[in-house]
Amino acid sequence: MVAITRSLSPALVGERLSAVLLAATLGVGLLFVSGFAPVVALHNAAHDWRHSANFPCH
Amino acid sequence: MTKRLLAAALVAGFLAACVASALQFALTSPLILAAEKYETAEAIAPTHHAFANPLIVLAHAGHDPGGEPQWQPAPGLPRLAFTALATLVSGVGYALLLGAVLVAAGREVTPSEALKFGIGGFLAASLAPAVGLPPELPGIAAAALESRQLWWVATATATAAGLYLVAIRRGPVAIGLGLVLIAAPHVWGAPHGPEDISAMPPVYAAQFAARSLAIGFAFWAVLGLAFGWAWGAVAGPNGVTRRSEVAA
């Protein structure tokens, strides 16, 4: 019974699936820009945050 | 639901960035500025490490007296403003991922539930990568950037998946697999660079590592609490119905 509830509850369909995919894609994109992008200007702008947040930085 | 997720992530990211920015200005930015004095001194008389790893030179083209000058924020207020902006961008990014995981897991989003996932985020994205790659001040020699970034992303992903298996799926097989996933990146080992002897006082590096993790914890705790609160606050008139639909 528990297994059935679990398998139904997180079923990702319709609006939930699109919301999760959109949020995950946007989130990864924003993290790439602020934490990983190799562009020198982006690196320099985010430099102190990258060090504080322990993103690998130069 | 999409609008609600995006709105809650914006609010949570903003609040977490406010707290994390204030903490950075008080705790880590002064240490970075102090460390850069030693870094500049090394750049004028570069050690063999700087030549061995071209990425160090590339990434610090702004400081390199011989290279093409690259844009960087002016010292003082502009630099703090860009630090806060980067914190905000990361904050919203992490909040979106936190929200995506909460919704995908089918959890009822409350401040306490979101806080638990936020602490999971701290473990996955701050603590676990820091075990292999401790938070570093500028001017400390390290392995090639790409290899460290790859290890960082792999460790954060494996730890997050491992925590999901251990804390949510449960069951002996899931817990065993989860523990393997959490341990694997550390058994594999983080990429390490040459052991550098720096003129920088070691206490700077120790203080920076501890403060960086403390800021990370405050950031994730606020992110989780704020996401849970904002999710309820932006629910609208039919928010309760939607929440019960998710839980059903």
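This is a short chat about a predicted model, its chain contacts and its nonpolar core.

Trainee: Anything to know before I dig in?

Mentor: It's a predicted model, where local features need pLDDT of at least 70, side-chain atom pairs count only at pLDDT 80 or more, and totals for chains, interfaces and linings use all residues. Residues are numbered from 1 along each chain as its sequence is written, and chains are lettered from A and ligands numbered from 1 in the order in which they are written.

Trainee: Okay, where does Ala86(B) lie?

Mentor: In helix H5 of chain B, residues 77-104; helices are DSSP runs of H or I, at least four residues, numbered from the N terminus.

Trainee: Why does Ala86(B) count as buried?

Mentor: Because it has 26 C-beta neighbours inside 10 Å; buried means 20 or more other C-beta atoms within 10 Å of a residue's own, with C-beta atoms placed from the backbone.

Trainee: And what is it in contact with, leaving aside neighbours within four places in sequence?

Mentor: Ser34(A), Ala45(A), Ala46(A) and Trp49(A). In contact means C-beta atoms, placed from the backbone, within 7 Å.

Trainee: How many residues of each chain are in contact across A and B?

Mentor: 33 of chain A with 51 of chain B. On the chain A side, H2(A) gives the most, 16 residues.

Trainee: Switching topic: which residues touch the most other members of the largest nonpolar core?

Mentor: Among them are Ala9(B), Leu98(B) and Phe227(B), in a core of 53 residues. Such a core is a set of buried Ala, Val, Leu, Ile, Met, Phe, Trp, Tyr and Cys residues joined through C-beta atoms within 7 Å.

Trainee: Which helix gives the largest share?

Mentor: H5(B), with 14 residues.

Terms used
Helices (H or I, at least four residues) and strands (E, at least two) are DSSP runs, numbered from the N terminus. A residue is buried if 20 or more other C-beta atoms lie within 10 Å of its own, exposed if 12 or fewer, and partly exposed in between; C-beta atoms are placed from the backbone. Two residues are in contact if their C-beta atoms, placed from the backbone, lie within 7 Å.
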